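The following note is offered for the reader's consideration. Its points concern the pairing of two chains and the packing of two helices.

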There are 2 protein chains.
Amino acid sequence: MKEQPLILVTNDDGIFAPGIRTLVEEMKPFGRVLVVAPDKPQSAMGHAITIHSFLRLQSVHLMDGVEAWSCTGTPVDCVKLAIYKLLGGNKPDLLVSGVNHGANISINVLYSGTMSAAVEGAMENIPSIGFSLMDHSIEADFSQVRPVIRSVVGNVLNDGLTPGSCLNVNVPKANGEPLKGLRVCRQAKANWEDEFETRLDPGNKEYYWLRGEFRSEDQGEDTDVWAVDHHYVSIVPTQFDMTAHHAIAHLNTWDHALG
Amino acid sequence: MKEQPLILVTNDDGIFAPGIRTLVEEMKPFGRVLVVAPDKPQSAMGHAITIHSFLRLQSVHLMDGVEAWSCTGTPVDCVKLAIYKLLGGNKPDLLVSGVNHGANISINVLYSGTMSAAVEGAMENIPSIGFSLMDHSIEADFSQVRPVIRSVVGNVLNDGLTPGSCLNVNVPKANGEPLKGLRVCRQAKANWEDEFETRLDPGNKEYYWLRGEFRSEDQGEDTDVWAVDHHYVSIVPTQFDMTAHHAIAHLNTWDHALG
């Protein structure tokens with residue numbers, strides 16, 4: 001651990017969201033902080049990057065003593081611009097993303113811009129953590145997230161992470177009870193039962209709003225869903241190797257010649 | 001296998017790209033085909049979905065005997081609209097995405113809209129396959145992809161896929177030599193060395209274009225990069241469980257109490 005680590009902070013709710021302010025405040029004692037975050041909400045942008053258009057950066061004042069830039073792109077664009085434009089190809093010592101306004105448990109890791117930024121950090125070999133509070137409200141109470149951030153960041157800076165992985169940290173919504181602690185988990189098997197609400201515009205043309213209900217029937221007590229349901233903070237080590245290694249043997253039973 | 005399977009076709013290059021036309025033509029003998037694809041290019045949109053705006057569908061004529069809709073959203077939006085709007089919650093028997101104009105090997109699976117649509121299919125428990133041709137040209141020659149599609153789709157319809165996984169199929173660019181066959185692989189460890197080209201707009205304000213160079217130093221002969229470099233078709237079984245299971249033990253050595 002260097003004396004003064006460089007910490008890159010991003011999110012997907014936009015640079016002026018309360019969640020990122022909480023995260024920046026907690027990072028300042030740990031090192032030099034560089035913030036590059038979207039100029040507008042970019043939730044559910046997944047691992048999208050901007051290739052058909054250009055990007056811009058705008059210097060903004062977020063808080064004293066912190067260099068901060070708003071970016072016209074996605075969370076993953078922010079990570080790329082931070083490293084390859086602002087830092088000239090040098091990597092920060094730590095990347096933290098969030099604190100997201102809303103849960104990123106289970107399969108939501110795939111949709112989440114917050115977590116995709118952390119996964120991009122892992123791809124760049126940077127120790128990376130995504131933090132989410134399971135409360136969508138813009139006025140959510142982030143106070144119980146603060147000790148979680150300090151604990152997890154302290155551990156990562158001292159101890160590092162397994163190469164190829166980052167962390168997906170979800171903090172339950174405040175309910176008056178103290179959090180029970182951190183719990184290392186696997187991503188629960190779950191799904192979205194989606195629905196589209198159909199409306200008619202003033203010209204009588206249909207349009208559709210996505211609505212979904214998150215369903216987990218995974219009974220495992222080693223999952224992130226179980227952990228947050230029991231008022232633990234869930235920590236899922238998350239990797240960018242998406243290979244289904246266990247499926248390779250079956251596919252090798254196929255005829256591999258081409259007719 | 002039902003007499004007449006229902007096959008959902010999507011892509012990320014847009015509904016009028018030559019690649020999806022190739023795929024639809026090859027699917028017609030296998031069953032009833034439903035096409036729902038973006039109305040404009042959506043490359044590198046990853047697993048993004050549209051939650052801050054609404055979606056529209058427009059019926060289009062792609063070819064005779066095929067129901068086709070263009071969608072204002074991302075590739076994953078197309079999958080959700082197909083299932084939850086057009087099919088009333090019923091699942092197709094097969095989902096195919098592509099044929100992408102360009103490679104989706106290695107870590108590009110995370111950025112790819114083509115593959116994210118297939119991953120969404122796997123999340124819906126639908127046997128799903130993403131096809132990519134390693135040739136970005138809009139006039140690319142898709143003829144050598146056709147026997148690959150027939151072989152892989154035939155196997156999947158007859159034999160199924162391991163639950164929780166889909167297939168990432170990459171076909172090398174035509175070079176005059178016949179393809180050597182199919183090769184089941186893991187996703188290569190690789191990275192993008194990115195760069196941003198800085199330009200000045202007419203008002204002298206900077207803007208940035210992402211340019212990157214794909215680098216793989218993974219020497220394994222079991223990777224997708226090795227396979228396509230040696231003129232094999234790579235098939236990587238791809239899963240949506242992003243848990244780094246091997247990293248859990250290390251994280252359990254941390255103190256899990258919160259101060």
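Two residues are said to be in contact if their C-beta atoms, placed from the backbone, lie within 7 Å. The model discussed here is predicted.

1. Helix packing in chain A. Which residues of H2(A) and H4(A) meet? From H2(A) come Pro75(A), Val76(A), Cys78(A) and Val79(A), and their partners in H4(A) are Gly113(A), Thr114(A), Ser116(A), Ala117(A), Glu120(A) and Gly121(A). Sorted by class, this contact holds five nonpolar, four polar and one charged residues.

2. Geometry of the helix pair. Helix H2 of chain A spans residues 75-86 and helix H4 of chain A spans residues 113-123. Their axes come within 8 Å and cross at roughly 35°. The crossing of H2(A) past H4(A) is right-handed.

3. The contact between the chains. Chain A contributes 69 residues and chain B contributes 69 residues. On the side of chain A that touches chain B, the largest share belongs to strand S11 of chain A (residues 233-239), with five residues. The residues on that side of chain A comprise 38 nonpolar, 23 polar and eight charged.

4. Relation of the two copies. A turn of 180° with a shift of 0.0 Å along the axis lays chain A on chain B, with an RMSD of 0.0 Å. The two copies are therefore related as by a two-fold rotation axis. Both copies use the same surface, since 100% of the contact residues of chain A recur in chain B.

Methods. Residues are numbered from 1 along each chain as its sequence is written. Chains are lettered from A and ligands numbered from 1 in the order in which they are written. This is a predicted model: local features need pLDDT of at least 70, side-chain atom pairs count only at pLDDT 80 or more; totals for chains, interfaces and linings use all residues. Helices (H or I, at least four residues) and strands (E, at least two) are DSSP runs, numbered from the N terminus. Ala, Val, Leu, Ile, Met, Phe, Trp, Tyr, Cys and Pro count as nonpolar, Asp, Glu, Lys and Arg as charged, and the others, Gly among them, as polar. Axes are lines fitted to C-alpha atoms, for helices over the stretch in contact, and angles run from 0 to 180 degrees between N-to-C directions. A crossing is left-handed if the near helix is turned anticlockwise from the far one by less than a right angle, and right-handed if clockwise. Copies are superposed by least squares on the C-alpha atoms of residues with pLDDT of at least 70 in both.
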